[in-house]
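Please read the following report alongside the sequence and the coordinates. It treats a sheet and the helices packed on it, then one helix with two contrasting sides, and finally some aromatic side chains.

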Amino acid sequence: MNNFIKNNRLFAVLIHISVWAVLFSLPYLLSSGQSFDLQKIIEHSWIPLAFYAIIFYLNYFVFINAFLFKKKVALYFIANAIVIAFFIWLNFQLRDYFTAKFPLIEDAKRDFPPKRFFVYIDTLSLIIPLIFSITLRIYERWVKNEVEKNESKNTQLESELQHLKYQLQPHFFFNSLNNIYSLVDISPEKAKETIHSLGILMRYLLYESNVEKVSLKKEIEFIERYIDLMKMRTSEKTAVNVDFPVLTEDLQVAPLLFISLIENAFKHGVSAINNSTIYFSMQIEGSKIKFETQNNNIKKSNADKSGSGIGLKNIQKRLELLYPENYLFRIQETDEIFSTQLEINTQK
């Protein structure tokens with residue numbers, strides 16, 4: 001944000017310099033090919049422009065911040081009225097000076113309109129830079145507020161996403177430990193393999209997924225390892241079918257989006273008594289990722305504490321934050337089957 005502000009300030013300075021350079025050089029450029037009258041340019045162009053610049057920057061740097069933005073409107077108008085009155089008086093002094101100095105102007109003096117006409121014209125002309133300065137400062141303030149608002153919103157979103165990710169990691173670790181615990185007495189060798197696989201998965205969780213986007217190829221490798229780890233806990237009564245693509249072109253995706261769906265499928269799709277089937281599928285269509293899970297809908301007893309139930313809520317919230325209006329998430333549930341469909345457009 002600091003670089004953004006610095007770059008914009010430099011750009012603004014260059015714009016201001018360019019605009020005033022054009023305004024001050026314009027009378028000279030317009031007189032090209034005609035007799036050049038420096039005194040006339042000074043009196044009718046450069047002096048009024050100098051007044052305009054002073055009023056503009058007095059408001060731009062001082063009056064608007066000191067009075068208008070602090071809701072001291074009366075003081076703001078009084079300060080400007082004093083400055084404008086002073087410049088109108090000074091303009092009359094300078095006009096009289098040039099009138100007295102040049103005979104041609106003296107001869108034409110009797111044809112001049114009354115002084116109140118000049119007061120009226122000078123007042124209107126001096127109000128113009130005042131209006132420009134107010135407009136520009138209000139616009140710049142609005143832009144700054146929008147940048148700060150967006151920065152604050154992004155910071156809040158990043159914080160919330162980090163919270164969701166930290167919420168997921170202990171949840172993932174807790175369920176994995178449950179798997180290892182269930183294997184220790186039944187199959188110590190499998191328990192050792194599970195601990196080794198868990199170490200690899202935790203390394204990915206801690207060191208490789210701590211970014212906004214990860215390679216879909218690496219995410220699939222992580223998912224496959226996690227499914228293998230979960231399968232170690234199941235018996236022969238559970239069939240786990242996986243249909244993942246061989247990527248020809250890699251995509252970037254938010255990390256750990258699919259784990260909760262896989263975890264949920266194993267949590268509710270495994271039975272110790274009846275045969276059950278769990279199915280995972282992923283398809284790639286251009287920049288779209290379609291992920292589907294399907295499992296038997298096996299009701300858990302109240303005593304079953306495998307999982308804290310945060311998985312589906314977590315993924316729904318993360319999708320809203322990461323892919324607003326660029327995802328489709330459906331849950332379909334019957335007495336026999338529970339399925340989810342997740343579609344993400346990675347080119348958001």
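## Sheet, helices and aromatic pairs

In this predicted model, five strands make up an open sheet with mixed pairing, and their order is S2-S4-S5-S7-S6. Strand S2 (238-243) and strand S6 (327-333) are the edge strands, each of which pairs on one side only. From one strand to the next, the twist averages 5 degrees.

At the S2 edge, the pairing with strand S4 (residues 276-285) is in the parallel sense and extends over six bridges; within this pairing, Ala239 stands opposite Thr277 of S4. Two helices lie against the sheet, and the table sets out the strands and the angle for each of them.

| Helix | Strands | Angle |
|---|---|---|
| H7 (residues 216-231) | lies across S2, S4 and S5 (288-296) | about 175 degrees to S4 |
| H8 (residues 259-269) | touches S2, S4, S5, S6 and S7 (337-345) | about 10 degrees with S5 |

Helix H6 (residues 188-208) consists of 21 residues and spans 29 Å from its first C-alpha to its last, which is close to the 30 Å expected at 1.5 Å a residue. Its buried residues are Ala191, Thr194, Ser197, Leu198, Leu201, Met202, Tyr204 and Leu205. Because these buried residues fall within an arc of 150 degrees when H6 is seen down its axis, they line one face of the helix. On the other side of H6, by contrast, Glu189, Lys192, His196 and Tyr207 are exposed.

Aromatic side chains form the last topic of this report. How many aromatic pairs does a search of the whole structure find? The search finds 15, and one aromatic pair is that of Tyr57 and Tyr60, which is edge-to-face, with 6.2 Å from centre to centre and 85 degrees between the planes. Both tyrosines lie in helix H2 (residues 38-68), where Tyr57 and Tyr60 are three residues apart, or about one turn of the helix.

Is each of these two rings' residues buried or partly exposed? Tyr57 has a relative accessible area of 23% and is therefore partly exposed, whereas Tyr60, at 10% relative accessibility, counts as buried, the cut-off for a buried residue being under 20%. Elsewhere in the description of aromatic residues, Phe51, Phe86, Phe87 and Trp89 form one aromatic cluster.

How values were computed
Residues are numbered from 1 along each chain as its sequence is written. This is a predicted model: local features need pLDDT of at least 70, side-chain atom pairs count only at pLDDT 80 or more; totals for chains, interfaces and linings use all residues. Side-chain values use heavy atoms; hydrogens and water are left out. Two strands pair if DSSP finds at least two bridges between them. Helices (H or I, at least four residues) and strands (E, at least two) are DSSP runs, numbered from the N terminus. Axes are lines fitted to C-alpha atoms, for helices over the stretch in contact, and angles run from 0 to 180 degrees between N-to-C directions. Contact means heavy atoms within 4.5 Å. The expected span of a helix is 1.5 Å times one less than its number of residues. Buried means under 20% relative accessible area, exposed over 50%, partly exposed in between (1.4 Å probe, protein chains only). The arc is that of the directions from the helix axis to the C-beta atoms. Rings of Phe, Tyr and Trp (its six-membered ring) pair if their centres lie within 6.5 Å; planes under 30 degrees apart count as stacked, over 60 as edge-to-face and the rest as tilted.
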